[in-house]
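Q: Could you take me through one part of this structure slowly? I would like to see how one helix sits among its surroundings, and then how that fits into the whole chain.

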Amino acid sequence: MCFSQKKGFGQMEQYQDRIRKNYNNFTKRQKIIAKYMIDFPKEVAFQTAKQIGQSCGASETTVIRLCYLLEYSGFSELQKEIQTTLLEDTPSTNPLQNFREISHTLKDTDLIQYAIEQDNLYVKSTLEDIDFKQYQKAIEKLINADNRIVLGFRSSYGPASWFMFALNIVVGNTTQYRGEIEDANYLLSTVDENTVVVAISFPRYVQETFSFVKAAKKKGACIIALTDDRLSPIGQYADILFRVIAPAPIPLKGITPTFSLLNLLVTSIAASNHPKVHKHMAGYDQHSGESYSFATKDIEVNLY
């Protein structure tokens, strides 16, 4: 596994995380500039502060003040950081139409090989985007938490359900919030500073995910977010954020890297030397053997 620990990459993560975590405290003009910096790093890397201000309908002074708020010595330091770690972004302007057109043009190609190559690319990009310290923190939080809640709706429901199931195997005490069939008030009453909430959310974002995360955050829970954008609704409240990198539409193209990322977290917990994990997995295995011992026995079936 090759995480992004190369020189400069961690700084890029820090720059984007600074914007994400302070975004709600910015003025209207500062938010526009901050969003511009996230969405158009290539332009920011080579434009002057005055040009960026003009593009955002703001002044050069406003751009520089934003850099100070992000705890840089000035615009030049921020720009140098972006130049060092620039990753070009090419999002689709019409995701579903683009997906249909590409799918149609590929009908005569080796679709199996194409799918393998594309999924490998998205998984590689997603896992290489991980900040190693954030990854270690997530594993530590998931293991040591007294209570874990996983949620995701629409396209995120499947990954959330699998992650809840897998966490209960390796560490236990994990619940999935499934919206209207759950008592949200009761579930939130169990949330405290020893709770970890894992929220999975992609466009189109579901308001219920954001509302639950916001309420849990107020009660002191640690929020781990899997999303496509650091400035997405849950991204702004996340203590730890993992970005799924794939072209739009993310619910279709991003499912493989999403499961790969979740599988990495589960595997890392299972591979840890933490006694809590060892004890739980041993107990789970023993209980499974006792409850389903018949599954290991030969069953004779009369077919006539």
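A: Let's begin with a term: helices and strands here are DSSP runs, with at least four residues for a helix and at least two for a strand, numbered from the N terminus. Counted that way, the chain has 15 helices and five strands. Please keep in mind that this is a predicted model.

Our close look is at helix α14, which covers residues 255-270. One of its residues is phenylalanine 259. Is phenylalanine 259 buried or exposed? The answer lies between those words: its relative accessibility is 30%, and buried means under 20% while exposed means over 50%, so phenylalanine 259 counts as partly exposed.

Now look at what phenylalanine 259 touches. Beyond its neighbours within four places in sequence, phenylalanine 259 is in contact with Gly158, Pro159 and Trp162. Proline 159 is a nice one to find on the model: it is 100 residues from phenylalanine 259 along the chain, yet the two C-alpha atoms are separated by 6.4 Å.

Helix α14 also meets another helix, α8, made of residues 111-128. Two packed helices are described by the angle between their axes and the distance between the axes. For α8 and α14, the axes come within 8 Å and cross at roughly 45°. That angle is neither under 35 degrees nor in the range of 65 to 115, so the two helices are oblique to each other. The crossing of α8 past α14 is right-handed.

Which residues make this meeting? From α8 come Asp119, Tyr122, Val123, Thr126 and Leu127, and from α14 come Thr256, Pro257, Ser260, Leu261 and Leu264. Sorted by type, the residues of this contact are six nonpolar, three polar and one charged.

Let's step back to the whole chain. Among contacts with a separation of 6 or more, 70% are between residues 24 or more positions apart. Of the 304 residues, 43% count as buried. The accessible surface of the chain is about 16900 Å², and carbon and sulfur atoms account for 52% of that surface.

For a companion to phenylalanine 259, try glutamine 236, which lies in the loop between β4 (222-227) and β5 (240-243). Its relative accessibility is 19%, and the cut-off for buried is under 20%, so glutamine 236 counts as buried. Leaving out neighbours within four places in sequence, glutamine 236 is in contact with Arg20, Tyr23, Asn24, Arg230 and Leu231.

Technical notes. Residues are numbered from 1 along each chain as its sequence is written. This is a predicted model: local features need pLDDT of at least 70, side-chain atom pairs count only at pLDDT 80 or more; totals for chains, interfaces and linings use all residues. Side-chain values use heavy atoms; hydrogens and water are left out. Buried means under 20% relative accessible area, exposed over 50%, partly exposed in between (1.4 Å probe, protein chains only). Contact means heavy atoms within 4.5 Å. Axes are lines fitted to C-alpha atoms, for helices over the stretch in contact, and angles run from 0 to 180 degrees between N-to-C directions. Angles under 35 degrees count as roughly parallel, over 145 as roughly antiparallel, 65 to 115 as roughly perpendicular and the rest as oblique. A crossing is left-handed if the near helix is turned anticlockwise from the far one by less than a right angle, and right-handed if clockwise. Ala, Val, Leu, Ile, Met, Phe, Trp, Tyr, Cys and Pro count as nonpolar, Asp, Glu, Lys and Arg as charged, and the others, Gly among them, as polar. Accessible areas come from the Shrake-Rupley method with a 1.4 Å probe; for residues, only the protein chains shown count as cover.
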